Amino acid sequence: MKLIIAIINRDDSKAVTQSLTKQGFSSTRLSTTGGFLLSSNVTVLVGVDEEKVQDVIDVIKEHSHSRKQMIPASTEMNHGYCPTMPVEVTVGGATIFVVDIERFERI
């Protein structure tokens, strides 16, 4: 058994979780914050048999899109960096981790 941990943009989270459910995968959705912009994300947890891992990743890839976003000059970024002009950055997409599950029980 594997645990898939996917960190996705909040804008994509509804489409990802609905599609996972439609494909028959149960998931847990957690609101999280982080990354370069300290923006709101969603972390989706999915436990599946090893042969279904790629199916889940394919669903996440299909519904997680990167996009360009302008960061205003007045926004302070990490480490005290404060740009003097608006900066265009790419946000979205997904970061996916797949880890082994040593034991699984439903209680």
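## Salt bridges, a core and one buried threonine

Let's start with a pairing of charges: the side chains of Asp100 and Lys2 meet in a salt bridge, with N and O 2.2 Å apart. The term covers a side-chain nitrogen of Lys or Arg within 4 Å of a carboxyl oxygen of Asp or Glu. Asp100 belongs to strand 6 (residues 94-100) and Lys2 to strand 1, so the pair ties together parts that are 98 residues apart in sequence. Strands here are DSSP runs of E with at least two residues, helices are runs of H or I with at least four, and both are numbered from the N terminus.

A word on where this comes from: the model is predicted, so local features need pLDDT of at least 70 and side-chain atom pairs count only at pLDDT 80 or more, while totals for chains, interfaces and linings use all residues. Residues are numbered from 1 along each chain as its sequence is written, and side-chain values use heavy atoms, leaving out hydrogens and water.

How many salt bridges does a search of the whole structure find? The count is 2, and the table shows them along with how open each partner is. Buried means under 20% relative accessible area, exposed means over 50%, and partly exposed is in between (1.4 Å probe, protein chains only).

| Salt bridge | N to O distance | Accessibility of each partner |
|---|---|---|
| Asp100 and Lys2 | 2.2 Å | Asp100 60% (exposed), Lys2 15% (buried) |
| Arg103 and Glu105 | 2.2 Å | Arg103 68% (exposed), Glu105 45% (partly exposed) |

Now for the nonpolar side. A nonpolar core is a set of buried Ala, Val, Leu, Ile, Met, Phe, Trp, Tyr and Cys residues joined through side-chain atoms within 4.5 Å. The largest one has 15 residues, and Ile4, Ile8, Leu20, Val46, Val48, Val56 and Ile60 touch the most other members. Strand 1 (2-9), helix 1 (10-22), strand 3 and helix 2 (53-63) each supply at least two of its residues. Helix 2 gives the most, with 5 residues.

Take Ile4: setting aside residues up to four places away in sequence, its contacts (heavy atoms within 4.5 Å) include Val46, Val56, Ile60 and Phe97.

Finally, meet Thr43, which sits in strand 3 (residues 39-48). Is Thr43 buried or exposed? At 9% relative accessibility, Thr43 is buried. The side chain of Thr43 makes a polar contact with the side chain of Thr32 at 3.0 Å. Such a contact is a pair of N or O atoms within 3.5 Å; within protein, one must be able to donate a hydrogen and the other to accept it, and residues adjacent in sequence count only if both atoms are side-chain atoms. Beyond its neighbours within four places in sequence, Thr43 also touches residues including Ile5, Ile7 and Leu30.
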